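Colleague: I should like to learn how the features of a model such as this one are read. May we take them in turn?

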Amino acid sequence: MAGANNSFSEDFILMGVSDHPQLEMIFFIVILFAYLLTLVGNSTIILLSCLDVRLHTPMYFFLSNLSSMDLAFTTSSVPQMLINLWGPDKTISYGGCVTQLYVFLWLGATECILLVVMAFDRYVAVCRPLHYTTIMNHRLCWLLAAIAWLGGLSNSLIQSTFTLQLPLCGHRRVDNFLCEVPAMIKLACGDTSLNEAVLNGVCTFFTAVPLSIILISYCYIAQAVLKIRSAEGQRKAFNTCLSHLVVVFLFYGSAIYGYLLPAKTSNQDQGKFISLFYSVVTPMVNPLIYTLRNKEVKGALWRLLGKGRELG
């Protein structure tokens, strides 16, 4: 086992699309553009949530948490992707790979929990509007956010550490854009059935269970929305909830496909592009989904720009 893990002191090679070198520059441009949009979009939401008093509500508190997580999520992997796509060097240090493994899994699990928390916030807002400010008080909001971040961290510490115990037998070529658990399991030269069982069990807990809770809560929300007499009230509630549901299906759909399929039998190319989707595309579209359909965010942005012009 000690000999098998000697490769831990060496660099890993992130293959990406190196088997199709003609595509590398196209991927570089697309990923760079998506990363810049992610930085601008999520930073804008965080800035607006902090500066605009009208957005000092539980909904935007959790949304700014989601945006902070998306910023860290992409920054943990995308810069290394861009470096590897730009030139012939496809390596990542052992320390960099391990850090990426822990951080990526931590933030991914955190988003699973945070989306449930956001669904609970919408449930209280729509189904218990008269008690909303009492239930969703400042203390509870911070407690729920802490549970999401610490729950994701606990999952990462257990699952990533367990994955790093696998014997690699000198295998260092990661057939992916980043170091993540399914890709690392594929490097192992020993029996990985226990790791795959743990991966499936934990991922079922962090995907299927939260997704079921979210869908059940939205069934109650739909019933409450249909009882609203005002057409304007129905439309506002529907738009807010639809934005959250789109984010939920984008994230959970790709995560379930990437993590719940058997690690050694799933298609290599499909796996790496799915991981690219939830590490690059989802964090980019999250702020677009929430801002394009949200008058409050757009209003806050115009007010901030208006103040900037006045100061100028």
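Colleague: Which residues form a nonpolar patch on the surface?

Modeller: Please keep in mind that this is a predicted model. The patch consists of Leu150, Leu153, Leu157 and Ile158, which together have about 380 Å² of accessible area. One of them, leucine 153, belongs to helix 6, spanning residues 138–164. Its relative accessible area is 30%, so leucine 153 is partly exposed.

Colleague: Helix 6 also holds asparagine 155. Is asparagine 155 buried or exposed?

Modeller: Burial is assigned under 20% relative accessible area. Asparagine 155 has 8% and is therefore buried. Apart from neighbours within four places in sequence, asparagine 155 is in contact with Leu105, Ala109, Ser160, Val202 and Phe206.

Colleague: How is a pair of aromatic rings described?

Modeller: One gives the distance of the centres and the angle of the planes. In this structure there are ten aromatic pairs. One of them joins phenylalanine 104 and tyrosine 278, with ring centres 6.0 Å apart and planes at 35 degrees, so the pair is tilted.

Colleague: Where do phenylalanine 104 and tyrosine 278 lie?

Modeller: Phenylalanine 104 is in helix 4 (residues 94–127), whereas tyrosine 278 is in helix 10 (residues 268–292), so the pair ties together parts that are 174 residues apart in sequence. Phenylalanine 104 is buried at 2% relative accessibility, and tyrosine 278 is buried as well, with a relative accessible area of 4%.

Colleague: Which residues do ring pairs link into a cluster?

Modeller: The cluster is made of Phe61, Phe62 and Trp142.

Colleague: Let us turn to charged side chains. How many salt bridges does a search of the whole structure find?

Modeller: A salt bridge requires a side-chain nitrogen of Lys or Arg within 4 Å of a carboxyl oxygen of Asp or Glu. The search of the whole structure yields two. In one, glutamate 24 meets lysine 90 with an N to O distance of 2.8 Å. This pair links distant parts of the chain, 66 residues apart: glutamate 24 is in helix 1 (residues 24–51), and lysine 90 is in the loop between helix 3 (78–86) and strand 2 (91–92). Glutamate 24 is buried, with a relative accessible area of 12%; lysine 90 is buried, also with a value of 12%.

Colleague: With which residue does aspartate 121 form a salt bridge?

Modeller: Its partner is arginine 122, and the closest N and O atoms are 2.8 Å apart. Both aspartate 121 and arginine 122 are buried.

Colleague: Where does UniProt place the feature "transmembrane region"?

Modeller: The unreviewed UniProt entry gives residues 25–48, 60–81, 101–120, 140–158, 197–221, 242–261 and 273–292. Such a record can be set beside the coordinates. Residues 60–81 are 91% helix and 0% strand, and their end C-alpha atoms are 31 Å apart. Residues 101–120 are 100% helix and 0% strand, with 29 Å between the end C-alpha atoms.

Colleague: As a last case, which residues does threonine 282 touch?

Modeller: Threonine 282 lies in helix 10. Not counting residues up to four places away in sequence, threonine 282 touches Leu250, Phe251, Ser254 and Phe277. With a relative accessibility of 1%, threonine 282 counts as buried.

Methods. Residues numbered from 1 in each chain as written. Predicted model: local features only at pLDDT ≥ 70, side-chain atom pairs only at ≥ 80, totals over all residues. Heavy atoms only, no water. Patch = residues over 30% accessible without salt bridge, like charges linked within 9 Å, V, L, I, M, F, W, Y side chains within 5 Å. Areas by Shrake-Rupley, 256 points an atom, 1.4 Å probe, with all protein chains shown as cover. Helix = DSSP H or I, 4+ residues; strand = E, 2+ residues; numbered from the N terminus. Buried < 20%, exposed > 50% of the residue type's maximum accessible area, 1.4 Å probe, protein only. Phe/Tyr/Trp six-rings, centres within 6.5 Å; stacked < 30°, edge-to-face > 60°. Contact = heavy atoms within 4.5 Å. UniProt positions renumbered as here; feature names shortened; annotations may be inferred.
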